[in-house]
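Here are some short notes to read beside the structure. Please keep the view open while you go through them.

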Amino acid sequence: MTATTTETTVINHFINGAETAGEGDRTTNVYNPATGAVTGELRLANRADLDTAVAAARKAADTWGDISLAKRTAVLFKFRELVAAHVDELAQLVTAEHGKVLSDAKGEIGRGLEVVEYACGIPTLLKGDYSDQVSTGIDVFSFREPLGVVAGITPFNFPVMVPLWMAPMAIATGNAFILKPSERDPSASLLLASLWKEAGLPDGVFQVLHGDKETVDGLLTHPDVDGISFVGSTPIAQYVHETATKHGKRVQALGGAKNHAIILPDADLDNAADHLAAAAFGSAGERCMAISVAVAVGDAADALVAKVQERAEAVQVNNGTEPGAEMGPVITPASKERIVKIVTEAETAGAAMVVDGRDLVVPGHENGFWVGPTVIDHVKTEMTAYKEEIFGPVLVVVRVDTLEDGITLINANPYGNGTAIFTSSGAAARKFQRSVTVGMIGINVPLPVPVAYHSFGGWKASLFGDKHIYGPEGVSFYTRGKVVTSRWPETHHASGASYNFPSN
Ligand code: NAD
């Protein structure tokens, strides 16, 4: 697939309150995946750029961490208003570089805004505990302080939402935040930076540093970075966690997924098929909470597959800016090639192709990175299509006999991000929710992404570190606790020194 070069934009860093070219001389191309055209030339940071950003963050953290909660909250409220006023502009940037359809891009911005709104309540979230008179004349209280400088390293698939899972929480809790966005769709992060500035955030508190492995490694090992939030694929999440913890940092690293949905014969199969199709093909399957494995139990299988087929064949695949488009392209030609290879391997190994999107071409966009909705039935667990995260619009169907078999399958899978069950039985749903080794569970809900006041995180190979992201665990991740034991004697009683361990 050849990319056509049109007019390209140079994409800068945002350091210490201003866009800057930085000193690095390496760049990389940014594409519009629907047209295949190169649309941007992204500057990649070098060591000097990294040091400049970290130094600005350190300086900013010292004052921002000390600023009153009232002033911090005022900035967050203003930022919330500005993001809401720029949804269309942000969505255009997302669609142009990621490829997802505009309505879906707006959806991700909405979910990111939820976290900003949650962070607006930071005075309540940071309220400490107080124990009066724990011993005669002694009180104990606890409160939390910011970590200092934290970096967020984010994936391509949610260029607004995932940065907003991190930055509002880190900033509300008093940290300076350096965003290292995905190099595939970096432009939205610059608009976010200018909105933070317009909201009154002091320079250096939110910065954007573009780069690849070199920049990430610099952040993971920099002595002046205190914490790392990472979201991306499992091998990189594991690497980030290991490297940054070895360098003394607090780390949360969210990884990849292979989300299963169990469909029981007592489910409303039309409802289940609607939700499965949406969860498998929405955003071209490039969601960490996408349902990529349908586990059809017993008699549900034949009818379910027929209903999903109908829906898959009806999906409108087009450039995300076209009215009526329901699904856009995948992110790169390499991604397309990989998806097609995995599907072909499954077919060769004996799986049944129900809907085949491998050869899809969208008229007028022949150079786009297209894969159509694909449904593969009778997939076996030893096939790559089952074992690997495909991260494309491919739903594999595994047939099992019982609910217990389905649960065993899910628990044997190395990933544990999300899962769902479709059923009309409360007992089955309860058994499922209590048995699966997965962090986020949907009951007749296909994409159980928790609302902002709960926290988001998977189990097993889907999360390295112990803190989930945003919500109460986000507050905890970006802060550390202090406990003060205090005595203010009214008069000094000269009872002499006691050398015993203090007790009540
Ligand atoms: P990725 O792991 O390739 O990249 C994520 C980030 O890591 C990017 O900023 C990238 O520049 C950086 N990076 C890439 N290779 C690196 C290396 N060798 N060393 C250091 N840094 C490196 O992921 P992606 O392709 O951008 O995103 C898709 C993946 O993210 C999928 O696996 C998806 O499941 C996962 N994801 C997970 C969640 C979640 O919440 N668990 C959410 C969104 C996406």
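1. Some terms first: Ala, Val, Leu, Ile, Met, Phe, Trp, Tyr, Cys and Pro count as nonpolar, Asp, Glu, Lys and Arg as charged, and the others, Gly among them, as polar. By that split, the shell around the ligand holds 12 nonpolar, 10 polar and five charged residues. Of the 27 residues around the ligand, Pro155, Gly232, Ser233, Gly256 and Cys288 come nearest. A residue is near a molecule if its C-beta atom, placed from the backbone, lies within 6 Å of it.

2. This is a predicted model: local features need pLDDT of at least 70, side-chain atom pairs count only at pLDDT 80 or more, and totals for chains, interfaces and linings use all residues. Residues are numbered from 1 along each chain as its sequence is written.

3. Look next at strand S9, residues 176–180 (strands are DSSP runs of E, at least two residues; helices are runs of H or I, at least four; both are numbered from the N terminus). Five of its five residues are buried, so S9 is largely enclosed by the rest of the structure. Buried means that 20 or more other C-beta atoms, placed from the backbone, lie within 10 Å of the residue's own. Ala176, Ile178 and Lys180 cover one side, Phe177 and Leu179 the other.

4. S9 has a parallel partner in S8 (residues 149–153), over five bridges. Pairing requires at least two DSSP bridges between the strands. Alanine 151 stands opposite isoleucine 178.

5. S9 also pairs in the parallel sense with S10 (residues 206–208), over three bridges. There, glutamine 207 is the bridge partner of isoleucine 178.

Definitions and conventions
Buried ≥ 20, exposed ≤ 12 C-beta atoms within 10 Å, placed from the backbone.
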